[in-house]
Amino acid sequence: MLKDYVPPFLLKSKVFTTIYNAQQKELDNYNAAIDDIADQCFIDKATWGLKYWEEFLGIAVDETKPEGDRRSVIKAKLRGTGTVTVSLIKNVAESFGNGGVAVTENTAPYTFEVKFNDIRGVPTNIDDLKAAVEEIKPAHLKVIYTFTYTLWEEVKKLTWEQVKNGTWKELKTRKVI
């Protein structure tokens, strides 16, 4: 606080107190602006600066997309450089925040599988993930996406009271404990 740096007897004056309060407000605004600019240098904190990350990386800017999805695309683009390996594809796929991903290479049919382990159903930003994987994968390989859903064995453990307020889609993607 600015008032901490002045002698206490000056704070008894309403004039000085008013001046210091106004100056403190301006300093707070200035510091907040500096913090906001610094945040734009980090993908996980960037907001209005995501546009500049996207432009720098050659990603189409779409400000109507959720910030989390845009961050995932940026991270995937940054991670997707170098020799294409199973671990690179796994790293890119996991950058989309959909939890753990298993990548299995199937050399004979020239395919590889991307399986989502930690979430159920189709991730919300699957199209962005597919585009990122398509950009880095070798052209001769086909990618197969595998999604996990709630098994009937799990649903049978539930009572009608536990499921009646949800939708079928929610039930298919619910983790049953």
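Reader: What makes the crossing in which α2 passes α3 a left-handed one?

Author: In this predicted model, α2 passes α3 in a left-handed crossing. The name applies because the near helix is turned anticlockwise from the far one by less than a right angle. Helix α2 (residues 50-57) and helix α3 (residues 67-79) pack at an angle of about 30°, and their axes lie 10 Å apart.

Reader: How do you know which residues of α2 and α3 meet?

Author: Contact means heavy atoms within 4.5 Å. By that criterion, Leu50, Lys51, Trp53, Glu54 and Leu57 of α2 meet Glu67, Arg70, Arg71, Ile74, Lys77 and Leu78 of α3. By class, this contact of α2 with α3 has five nonpolar, no polar and six charged residues. Trp53 is counted as nonpolar and Lys51 as charged because Trp belongs to the nonpolar class and Lys to the charged class.

Reader: What makes a residue part of the lining of the largest pocket, and how many residues line that pocket?

Author: A lining residue has an atom within 4 Å of a point of the pocket. The largest pocket is lined by 16 residues, of which Ile59, Val73, Asp128, Ala131 and Glu135 lie nearest its centre. Two or more residues of the lining come from each of α3 and α5 (126-136). The pocket holds about 260 Å³ of space, and its lining divides into seven nonpolar, one polar and eight charged residues.

Reader: How do you know which domains contribute to that lining?

Author: The domain assignment gives domain 1 (2-81) and domain 2 (86-149). The lining of the largest pocket draws at least three residues from each of domain 1 and domain 2. The centres of these domains, taken over C-alpha atoms, are separated by 34 Å, while 10 residues of domain 1 are in contact with 13 residues of domain 2.

Reader: What is the phi value of Tyr110, and where is this residue placed?

Author: Phi of Tyr110 is near 55°, a positive value in a residue other than glycine. Tyr110 is placed in the loop between β1 (101-106) and β2 (111-116).

Technical notes
Residues numbered from 1 in each chain as written. Predicted model: local features only at pLDDT ≥ 70, side-chain atom pairs only at ≥ 80, totals over all residues. Heavy atoms only, no water. Axes fitted to C-alpha atoms, helices over the stretch in contact; angles between N-to-C directions. Helix = DSSP H or I, 4+ residues; strand = E, 2+ residues; numbered from the N terminus. 1 Å grid on protein atoms, 1.4 Å probe; cavity = no way out; pocket = protein on both sides within 12 Å on 5 of 7 lines; lining within 4 Å. Points joined across faces, edges and corners; volume = space filled by probe spheres on them. Domains from an automatic or database assignment.
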